[in-house]
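Colleague: I would like to learn how to read a model of this kind with some care, beginning with the places where small molecules are held. Could we go through it together, one feature at a time?

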Amino acid sequence: MERKLPKHIGIIMDGNGRWAKQRGLNRWDGHKEGANVFRKICDYACEIGIESITFYAFSTENWRRPPEEVAAIMELFREYLGEAEDRENENIQKGMCMHFIGRRDDMPDDIVSLMETAEENSKDATKIDVNIAINYGGRLEIVDAVKKLAQKVKNGEINPEDITEDDISDNIYTAGQPDPDLIIRPSGEYRLSNFLLWQSAYSEFWFSDILWPDFTSDDLEKAIDDYNNRNRRFGGV
Ligand code: IPE
Ligand code: IPE
Ligand code: MG
């Protein structure tokens with residue numbers, strides 16, 4: 001039987017700190033290596049024909065970390081986004097359409113502007129949608145959607161009784177994209193940590209002890225193979 005590719009894969013890029021600790025390095029080195037692995041896995045997913053992929057890079061809870069670590073992570077975003085700007089044509093050639101999901105208000109202005117440029121420059125690319133979740137929280141995403149709908153009610157555009165699940169789906173950050181079929185979490189943790197709460201209602205999960213900086217395309221292949229053995233019933237029989 002032919003292998004089915006998940007249309008949308010979500011990845012929680014976890015374990016950078018432990019990877020660094022194992023090697024006597026500081027946490028910042030782990031994030032740096034994690035960013036390199038992100039680039040490789042993103043390219044690989046595009047090559048094999050995944051249509052949509054979401055990487056969890058920084059949660060709304062990650063601000064609780066020491067300021068030096070947060071600053072180091074922000075610096076990596078600047079580096080990556082600056083590169084994306086330089087390699088604009090390369091990314092468009094590859095067909096990567098970039099989206100940033102999460103609340104932008106609390107992010108440094110220069111990073112927000114780099115995000116906007118990357119989105120604008122890649123908007124016509126059609127091979128793969130790449131979502132990067134930065135200052136993302138699944139609960140906050142639902143709150144933001146509810147606020148938008150409440151405003152529409154206030155303006156008399158919709159009746160509260162008429163609100164449907166589709167209205168929520170259409171007002172969250174991933175509006176227009178399919179829900180993730182497969183969510184991957186390495187690093188030996190078995191939780192979502194506020195990732196894609198609304199969208200993961202019927203996702204398949206794949207957990208592994210591998211730390212994100214050690215994650216390879218073979219691991220992605222293993223996750224996809226396992227996904228092919230799942231029986232998705234969506235509540236039916
Ligand atoms: C994931 O790795 C990166 C971010 C959350 C930004 P961690 O930094 O959480 O690594 P561990 O979990 O401490 O090993
Ligand atoms: C989840 O990892 C967030 C990202 C990978 C960006 P965390 O390391 O923040 O999650 P917890 O704290 O272990 O749940
Ligand atoms: Mg972690």
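**Reading the ligand sites, a helix and a loop**

Colleague: Before we begin, what kind of model is this?

Modeller: It is a predicted model, and every value that we discuss has been computed from it.

Colleague: Let us take ligand 1, then; which residues surround it?

Modeller: A useful way to begin is to list the residues that have a heavy atom within 4 Å of the molecule. For ligand 1 these are Met 13, Asp 14, Gly 15, Asn 16, Gly 17, Arg 18, Arg 27, His 31, Ala 57, Asn 62, Arg 65 and Ile 73. The largest share of this shell, 3 residues, comes from α1.

Colleague: Which polar backbone atoms lie by the oxygen atoms of ligand 1?

Modeller: Here one looks for pairs of N or O atoms within 3.5 Å. A backbone N or O atom of Gly 15 is 3.4 Å from an oxygen atom of ligand 1, one of Asn 16 is 3.1 Å from such an oxygen, and a polar backbone atom of Gly 17 is found at 2.9 Å from an oxygen atom of the ligand. Taken alone, ligand 1 exposes 380 Å², of which the protein buries 86%. As for its location, ligand 1 sits in the largest pocket.

Colleague: And where does ligand 2 sit?

Modeller: Ligand 2 sits in the largest pocket, with a shell made up of Ile 12, Met 13, Asp 14, Tyr 56, Ala 57, Phe 58, Asn 62, Arg 65, Arg 185, Arg 191 and Ser 193. Strand β2, residues 52–59, gives the largest share of that shell, namely 3 residues.

Colleague: Which side chains make polar contacts with ligand 2?

Modeller: The same kind of reading applies, but now with side-chain atoms. A polar side-chain atom of Asn 62 lies 2.9 Å from an oxygen atom of ligand 2, while N or O atoms in the side chains of Arg 65 and Arg 191 are 3.3 Å and 2.8 Å, respectively, from an oxygen atom of the ligand. Of the 390 Å² that ligand 2 exposes when taken alone, the protein buries 79%.

Colleague: How should I read a helix such as α3, and how many residues does it have?

Modeller: The general idea is that an α-helix has 3.6 residues a turn, so residues three or four places apart point the same way. Helix α3 covers residues 67–86, which makes 20 residues, and it reaches 29 Å from its first C-alpha to its last, close to the 28 Å expected. Its buried residues include Glu 69, Val 70, Ile 73, Phe 77, Tyr 80 and Leu 81.

Colleague: Why is Leu 81 counted as buried?

Modeller: Leu 81, which belongs to helix α3, is counted as buried because its relative accessible area is 2%, and the cut-off is under 20%. Its C-alpha atom is 6.9 Å from that of Met 115, although the two residues are 34 apart along the chain.

Colleague: What is the sign of phi in Ser 187 and Ser 193?

Modeller: In both serines phi is positive, near 80° in Ser 187 and about 45° in Ser 193, and neither residue is a glycine. Ser 187 is in the loop between β5 (182–185) and β6 (204–207), and the place of Ser 193 is also in the loop between β5 and β6. Ser 187 is buried, with a relative accessible area of 5%, whereas Ser 193 is partly exposed at 28%. Ser 193 also belongs to the shell around ligand 2.

Key:
Residues are numbered from 1 along each chain as its sequence is written. Chains are lettered from A and ligands numbered from 1 in the order in which they are written. This is a predicted model: local features need pLDDT of at least 70, side-chain atom pairs count only at pLDDT 80 or more; totals for chains, interfaces and linings use all residues. Side-chain values use heavy atoms; hydrogens and water are left out. Helices (H or I, at least four residues) and strands (E, at least two) are DSSP runs, numbered from the N terminus. The expected span of a helix is 1.5 Å times one less than its number of residues. Buried means under 20% relative accessible area, exposed over 50%, partly exposed in between (1.4 Å probe, protein chains only). A polar contact is a pair of N or O atoms within 3.5 Å; within protein, one must be able to donate a hydrogen and the other to accept it, and residues adjacent in sequence count only if both atoms are side-chain atoms. Accessible areas come from the Shrake-Rupley method with a 1.4 Å probe; for residues, only the protein chains shown count as cover. On a 1 Å grid over the protein atoms alone, a cavity is a set of points where a 1.4 Å probe fits but cannot get out, and a pocket is an open set with protein on both sides within 12 Å along at least five of seven lines; lining residues have an atom within 4 Å of a point. A molecule sits in a cavity or pocket if more than half of its atoms lie within 2 Å of its grid points.
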